[in-house]
Amino acid sequence: MIASILASAARLVSGASVFYLDEPPDEAQRVYFANHTSHLDFVVLWSALPENVRPLVRPVAGRDYWEKSALRRYLAQKVFHAILIDRSRHTEDGESTLSIAAARRTIDRLAIDMGERDSIIVFPEGTRGSGQQIAPFKSGLYHLCREKPGLELVPVYLDNMNRILPKGELLPVPMLSRVVFGRPMRLEEGETKPAFLERARAAVRELGEL
Amino acid sequence: MTGFSDPALSRLVAGVLVLLVVATAVGLVLARRARTEPARATVANLNARIRAWWVMVVVFAIAVWTGGIGSIVLFALMSLLALREFVTLAPTRREDHRTLLWSFFVVLPLQYYLIAIRWYGLFAIMIPVYAFVLVAVSNVIAGRTDRFLERTATVHWGLMVCVYCVSHAPALLILEIPGFRTNARLLVFLVLVVQISDVLQYVFGKLFGKRPVAPVISPNKTWEGFLGGALAASLVGAAIWWATPFRPGVAFGMSVAITLAGFAGGLVMSAIKRDRGVKDYGVLIAGHGGMLDRIDSLCFAAPVFFHLTRYFFTP
């Protein structure tokens with residue numbers, strides 16, 4: 001209920017027109033991955049899904065951010081049933097503090113939380129960008145595909161979100177945006193991690209050039 | 001004063017509804033007779049437009065019938081939708097965010113509020129003077145200088161075209177014309193002539209159009225369509241002189257001014273679209289494009305008609 005109100009509000013503010021290159025998504029288990037430039041991204045992407053699919057689609061979000069306040073916790077847990085994960089934090093000299101073992105545990109947890117039914121929304125850049133270009137993808141997408149063979153990934157391009165609500169701003173300017181769903185892809189037999197991540201990133205970028 | 005008690009207003013609306021019924025019937029017949037693929041596409045687009053007209057006419061009629069406030073709110077919403085389409089295409093950047101917030105959430109509502117409280121003096125200068133300065137200063141404070149003039153001028157233009165110009169349509173309601181108290185009819189007159197002119201130019205263009213007026217800017221606008229449509233629309237305007245404070249000849253002259261300004265508005269907004277590389281401003285209204293595509297003629301016609309009426313008919 002609250003979720004659909006928020007979704008309608010986000011749709012209204014972002015004036016999003018939705019395009020599906022393929023058939024509109026059905027209830028099959030999928031990973032929707034998109035470029036990330038704004039706090040609106042998840043809600044707008046979610047609202048762009050067909051209504052019957054939405055309850056099965058959960059966002060994957062950083063625990064550090066979404067557990068900071070009671071409101072955020074409530075939204076993450078009760079409204080959107082988010083899967084919260086520990087993001088790697090960077091120390092002052094830029095080293096990632098999350099060990100490989102911890103990262104592996106995160107992916108394992110993610111795979112368990114998804115079960116056989118739930119779809120997820122991820123932003124593989126790891127953080128919000130400026131909207132100029134799409135940052136290299138974190139490797140979680142690849143490891144998840146290894147964990148769940150045959151998993152379908154749907155690239156999604158979110159256009160103009162960073163102008164509607166850029167990083168660091170509180171109020172959105174109600175401009176128009178676009179949500180473009182691409183054709184599903186999957187990890188190919190023997191595909192290397194860098195090749196796969198680059199292919200996934202290119203898939204999102206190409207949708208933006210349509 | 002609400003429109004319910006005004007028989008002339010009811011007659012105008014009834015006339016438009018009859019027109020729509022006829023148009024819908026013609027659309028149905030054409031849909032049956034269309035044989036070739038391009039003909040079918042044209043007729044399908046035509047029928048989508050007619051369906052959208054039903055919605056627009058009903059919404060507008062309800063707004064007018066509520067008296068002043070409904071019309072003011074309706075045009076404020078139209079301004080909002082037009083401005084969002086305009087700004088979406090504009091080369092604004094992150095640094096312009098605050099400027100845009102001001103434009104959307106302060107300048108735009110204030111302009112319509114000034115109509116509601118009938119403060120003509122400030123209504124006429126708020127955007128050209130105060131918003132003009134505010135936008136430039138706000139962009140300076142944001143501190144980014146690349147393409148400064150382009151970014152700032154674009155917001156100025158957006159406010160002028162989508163808010164200032166459009167707001168002159170409901171501002172007709174606060175003109176004080178001696179011996180004429182039902183100003184809602186002036187608003188209906190303006191909108192009717194502008195939109196009938198658009199429709200008739202489209203019809204004449206499709207039927208007789210040969211020589212394009214400005215092929216680079218808008219290949220669909222032809223001399224035949226423009227002259228035929230504008231003349232026919234002006235005759236329609238003259239024919240409904242009884243709803244206005246004008247004599248038939250004056251109503252005709254006013255209609256000519258409205259259609260000329262409207263045509264100019266359509267061309268200018270097309271040029272902006274060409275510059276930004278899009279065909280329509282949006283997808284809001286099926287068959288018509290966005291809000292700005294539908295009201296591009298009104299943008300220029302409203303202030304011209306407002307000031308002609310104000311100059312010649314108010315003390």
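Visitor: Which residues have the most contacts inside the largest nonpolar core?

Guide: The largest nonpolar core has 138 residues and belongs to a predicted model, in which local features need pLDDT (the predictor's confidence in each residue, from 0 to 100) of at least 70, side-chain atom pairs count only at pLDDT 80 or more, and totals for chains, interfaces and linings use all residues. Residues are numbered from 1 along each chain as its sequence is written, while chains are lettered from A and ligands numbered from 1 in the order in which they are written. Such a core is a set of buried Ala, Val, Leu, Ile, Met, Phe, Trp, Tyr and Cys residues joined through C-beta atoms within 7 Å, and a residue is buried if 20 or more other C-beta atoms lie within 10 Å of its own, exposed if 12 or fewer, and partly exposed in between, with C-beta atoms placed from the backbone. Those with the most contacts inside the core (two residues are in contact if their C-beta atoms, placed from the backbone, lie within 7 Å) are Leu45(A), Val156(A), Val166(B) and Leu190(B).

Visitor: Which helix gives the most residues to this core?

Guide: Helices (H or I, at least four residues) and strands (E, at least two) are DSSP runs, numbered from the N terminus. With 13 residues, the element that gives the most to the core spans residues 184-208 of chain B and is helix 7.

Visitor: With which residues is Leu190(B) in contact, leaving aside its neighbours within four places in sequence?

Guide: Leu190(B) is one of the residues with the most contacts inside the core. Once neighbours within four places in sequence are left aside, the residues in contact with Leu190(B) are Ala169(B), Leu172(B), Ile258(B), Ala301(B), Ala302(B) and Phe305(B).

Visitor: How many charged residues are on the side of chain A that touches chain B?

Guide: Across the two chains, 11 residues of chain A are in contact with 12 residues of chain B. By class, where Ala, Val, Leu, Ile, Met, Phe, Trp, Tyr, Cys and Pro count as nonpolar, Asp, Glu, Lys and Arg as charged, and the others, Gly among them, as polar, the side of chain A has 6 nonpolar residues and 3 polar ones, and the number of charged residues is 2.

Visitor: Over which residues of chain A is the pLDDT below 50?

Guide: Chain A averages a pLDDT of 88, and 94% of the residues score at least 70. The stretch with pLDDT below 50 has 2 contacts in the model beyond near neighbours in sequence, and it covers residues 90-95 of chain A.

Visitor: Which strands stand at the edges of the open sheet in chain A?

Guide: The open sheet has 7 strands in the order 1-7-6-2-5-3-4, with mixed pairing, two strands being paired if DSSP finds at least two bridges between them. Each edge strand has a single partner strand, so one side of each is left without a neighbour in the sheet, and these are strand 1 (16-20) and strand 4 (83-85) of chain A.

Visitor: What stands opposite Val156(A) in strand 7 of chain A?

Guide: Strand 7 of chain A has 5 of its 5 residues buried, so it is largely enclosed by the rest of the structure. On one side, strand 1 of chain A runs parallel to strand 7 and is joined to it by 5 bridges, whereas strand 6 of chain A pairs with strand 7 in the antiparallel sense over 4 bridges. In strand 7 of chain A, the residue opposite Val156(A) is Phe181(A).

Visitor: What is the bridge partner of Pro59(A) in strand 5 of chain A?

Guide: Strand 5 (residues 119-122) pairs in the parallel sense over 3 bridges with strand 3 (residues 57-62), both of chain A, and strand 2 of chain A also pairs with strand 5 in the parallel sense over 3 bridges. Val57(A) stands opposite Ser119(A), and Val31(A) stands opposite Ile120(A). The bridge partner of Pro59(A) is Ile121(A).

Visitor: Is Arg163(A) buried or exposed?

Guide: Arg163(A) lies in helix 7 (residues 161-164) of chain A, and its contacts beyond neighbours within four places in sequence are Met175(A) and Thr92(B). Because 24 C-beta neighbours lie inside 10 Å, Arg163(A) counts as buried.
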